[in-house]
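Me: I'd like a close look at a single part of this one. Please start with one residue and then go on to the helix packing.

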Amino acid sequence: MGAKGVLGLAGALIVVLVVLSSVYIIPETHRGVLLRFGELIETDIQAGIHFKVPVIDRVREFDVRLLTTDLPSRQYLTVEKKPLDVDSYIAWKIRDVDQFYRATGGDEFRASSLLLSRVDNGLRDEFGVRTMVEVVSGQRDELMTTLTERVNETSQKEFGIDVVDIRVKAIEFPGQVSSNVFRRMGTEREALAQEFRSRGNELAEGIRADADRQRTVTLAEAFSKAETIRGEGDAEAARIYADAYGSNSEFYTFYRSLEAYQNTFADKGDIMVIDTESDFLKYLKDPMGGR
């Protein structure tokens, strides 16, 4: 190959290199900015193929998908001055590439640090106006929603960032506080259990008293009904005896005497001293009653 051929090949290679260094591609998940000698000349470059001036132009790309940043565990005081160890995280994404680059220099680590500072201050303020119970359960969602709206408004204005969500992963009590809290919770649960037992005993006593009252009433009504029936039976028996006596007085006297003998001499060990001429013994002496 001659000198001209070598020069032609070198020229072609240089042209290819220049073309390749002039073309850049922004992925679908990113946006870019174009710098010339370090000065921002184009922002919010969309996904696709773009051109730049080789050597003097430089492209910076930023991920515009949802990003998450974990906050290191921090301790906050509630309104009762109770310390709580809190783990949380931030979900955020770049809203305005131009503003993001100007505020953070395009450094995601710096952006995370700025957000962490805002969230840390916000959590301290929100915990400081709520009780421990409200923070742990009662108003936890409300706290997160309020804080997210506050930080998001500031971040949009200052950093070009959308704060999508701020969420508390865990809330724990520091060592000695945990023991005291659990002890107090145990005492409260025991007091509540005792209250339930007292109410149960009170209800049980009421039920027993009502059952005893119903038993007494039922027995009284049954006794009254039994006495009524017994009285009616005695009256009926007396009527029958009277009818029998009226129809055959001698037989009635004999029958009643036999009943008297049966009741009197029921026990063989009994001893009775009585005049043999007594009317009581007349049917023993003479089955016809001395008639």
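Reply: With a relative accessibility of 12%, Ser-22 counts as buried, because that word covers anything under 20% relative accessible area (exposed is over 50%, partly exposed in between; 1.4 Å probe, protein chains only). Bear in mind that this is a predicted model, in which local features need pLDDT of at least 70 and side-chain atom pairs count only at pLDDT 80 or more, while totals for chains, interfaces and linings use all residues. Numbering runs from 1 along each chain as its sequence is written, and side-chain values use heavy atoms, with hydrogens and water left out.

Ser-22 belongs to helix H1 (residues 3-22). Helices here are DSSP runs of H or I with at least four residues, strands are E runs of at least two, and both are numbered from the N terminus. Setting aside neighbours within four places in sequence, Ser-22 touches His-50, Phe-51, Lys-52 and Pro-54, where contact means heavy atoms within 4.5 Å.

Now for the helix packing. H2 (residues 97-104) and H5 (residues 140-159) meet at about 85°, with axes 8 Å apart. The axes are lines fitted to C-alpha atoms over the stretch in contact, with angles from 0 to 180 degrees between N-to-C directions. H2 and H5 are therefore roughly perpendicular, a label for 65 to 115 degrees (under 35 is roughly parallel, over 145 roughly antiparallel, the rest oblique). H2 brings Gln-99, Phe-100 and Ala-103 to the contact, and H5 brings Gln-156, Lys-157, Glu-158 and Phe-159.

H2 also packs on H3 (residues 108-128), with axes coming within 9 Å and crossing at roughly 85°. That makes H2 roughly perpendicular to H3 as well. Here Phe-100, Ala-103 and Thr-104 of H2 meet Arg-110, Ala-111 and Leu-114 of H3.

Back on H5, the buried residues are Leu-143, Met-144, Leu-147, Thr-148, Val-151, Asn-152, Ser-155 and Phe-159. Looking down the axis of H5, they fall within an arc of 150°, so they line one face of the helix; the arc is taken from the directions from the helix axis to the C-beta atoms. Glu-149 and Lys-157, on the other side of H5, are exposed. Right after H5 comes Gly-160, with a positive phi near 70°.

As for the whole chain, it has eight helices and eight strands, and 25% of its 291 residues are buried.
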